[in-house]
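Here's a walk through one protein model, written for someone who'd rather look at side chains than read tables. Keep the structure open while you read.

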Amino acid sequence: MTKGNVYFEIQAENTTRAIYFYTQVFGWEFSSMLALPIPYWRIVTGGAFGGLLQRPAPAPALEQGTNAFVCSFEVENFEKTAKLIIDNGGKEAMPKFAVPTVCWQ
């Protein structure tokens, strides 16, 4: 990677389910990185690059916030994408809200 590129990682309890979910919702592509000492997948999003790996510790309890860096991705249609997320097993962590002059979260 060169200076200025963005790279993110997603930790998932069930990596097979996560790959299916992100492929269905965002159309991301995943490829296994066999040379690494852990199961790891490279993610191609059409923008930022990322990686997926097995979550090494239990996820926090519901309504306890996150224990990781939160990334936001721009989508063409917020409502359509939110429905795809729910339809593919995702959960709404918070109601939709505006970040003034920036975006909807």
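## A salt bridge inside a helix

What separates Asp87 and Lys83 in helix 2? The two are 4 residues apart there, so about one helical turn lies between them. Bear in mind that this is a predicted model. Asp87 and Lys83 form a salt bridge, and their closest N and O atoms are 2.7 Å apart. As for surroundings, Lys83 is exposed, with a relative accessible area of 51%. The cut-off matters here: exposed means over 50%.

## A salt bridge that ties parts together

How many salt bridges turn up in a search of the whole structure? The count is 2. Glu79 and Lys96 make one of them through their side chains, at 2.3 Å from N to O. Glu79 sits in helix 2 (residues 78-87), while Lys96 belongs to the loop between helix 2 and strand 5 (98-99), so this pair ties together parts that are 17 residues apart in sequence.

Are these two buried or partly exposed? Glu79 is partly exposed at 47% relative accessibility, and Lys96 is partly exposed too, at 35%.

## The overall layout

Zooming out, the protein has 2 helices and 6 strands. Going along the sequence, they come in the pattern β-α-β-β-β-α-β-β. Of the 105 residues in the protein, 19% are buried. Take the contacts between residues at least 6 apart in sequence: 47% of them join residues at least 24 apart.

## The sheet and the helix across it

Now for the sheet. It's an open one with 4 strands in the order 1-4-3-2, and the pairing is mixed. The edges are held by strand 1 (7-12) and strand 2 (29-32); each has a single partner strand, so one side of each has no neighbour in the sheet. From one strand to the next, the twist averages 25 degrees.

Strand 2 pairs with strand 3 (residues 40-44) in the antiparallel sense, over 4 bridges. If you want a spot to look at, Phe30 stands opposite Ile43 in strand 3. Helix 1 (residues 15-26) lies across strand 1, strand 2, strand 3 and strand 4 (49-54), and it runs at about 150 degrees to strand 4.

## The aromatic cluster

There are 5 aromatic pairs in the structure. Phe21 and Tyr22 make one that is edge-to-face, with 5.0 Å centre to centre and 85 degrees between the planes. Phe21 is buried at a relative accessible area of 13%, and Tyr22 counts as buried at 19%. The threshold is worth knowing for Tyr22, since buried means under 20%.

Then there's Phe26 with Trp28: the ring centres are 5.0 Å apart and the planes are at 20 degrees, so this pair is stacked. Stacked applies because the planes are under 30 degrees apart. Phe26 is partly exposed at 28% relative accessibility, whereas Trp28 is buried at 5%. Put the ring pairs together and they link Phe8, Phe21, Tyr22, Phe26 and Trp28 into a cluster.

## The nonpolar core

Which residues have the most contacts inside the largest nonpolar core? They are Phe8, Ile10, Tyr22, Trp28, Phe30, Ile43 and Leu52, in a core of 13 residues. Strand 1, helix 1 and strand 3 are the elements that give two or more residues to this core. Helix 1 gives the most, with 4 residues.

Trp28 is a good residue to click on. Leaving aside residues up to four places away in sequence, Trp28 touches Phe8, Ile10, Tyr22, Thr23, Ile43, Val44, Thr45 and Phe73.

## A glycine in a loop

One last stop. Gly47 is in the loop between strand 3 and strand 4, and it is partly exposed at 48% relative accessibility. Its C-alpha atom is 9.2 Å from that of Phe73, although Gly47 and Phe73 are 26 residues apart along the chain. Phe73 has come up already, as one of the residues that Trp28 touches.

Technical notes
Residues are numbered from 1 along each chain as its sequence is written. This is a predicted model: local features need pLDDT of at least 70, side-chain atom pairs count only at pLDDT 80 or more; totals for chains, interfaces and linings use all residues. Side-chain values use heavy atoms; hydrogens and water are left out. A salt bridge is a side-chain nitrogen of Lys or Arg within 4 Å of a carboxyl oxygen of Asp or Glu. Buried means under 20% relative accessible area, exposed over 50%, partly exposed in between (1.4 Å probe, protein chains only). Two strands pair if DSSP finds at least two bridges between them. Axes are lines fitted to C-alpha atoms, for helices over the stretch in contact, and angles run from 0 to 180 degrees between N-to-C directions. Contact means heavy atoms within 4.5 Å. Rings of Phe, Tyr and Trp (its six-membered ring) pair if their centres lie within 6.5 Å; planes under 30 degrees apart count as stacked, over 60 as edge-to-face and the rest as tilted. A nonpolar core is a set of buried Ala, Val, Leu, Ile, Met, Phe, Trp, Tyr and Cys residues joined through side-chain atoms within 4.5 Å.
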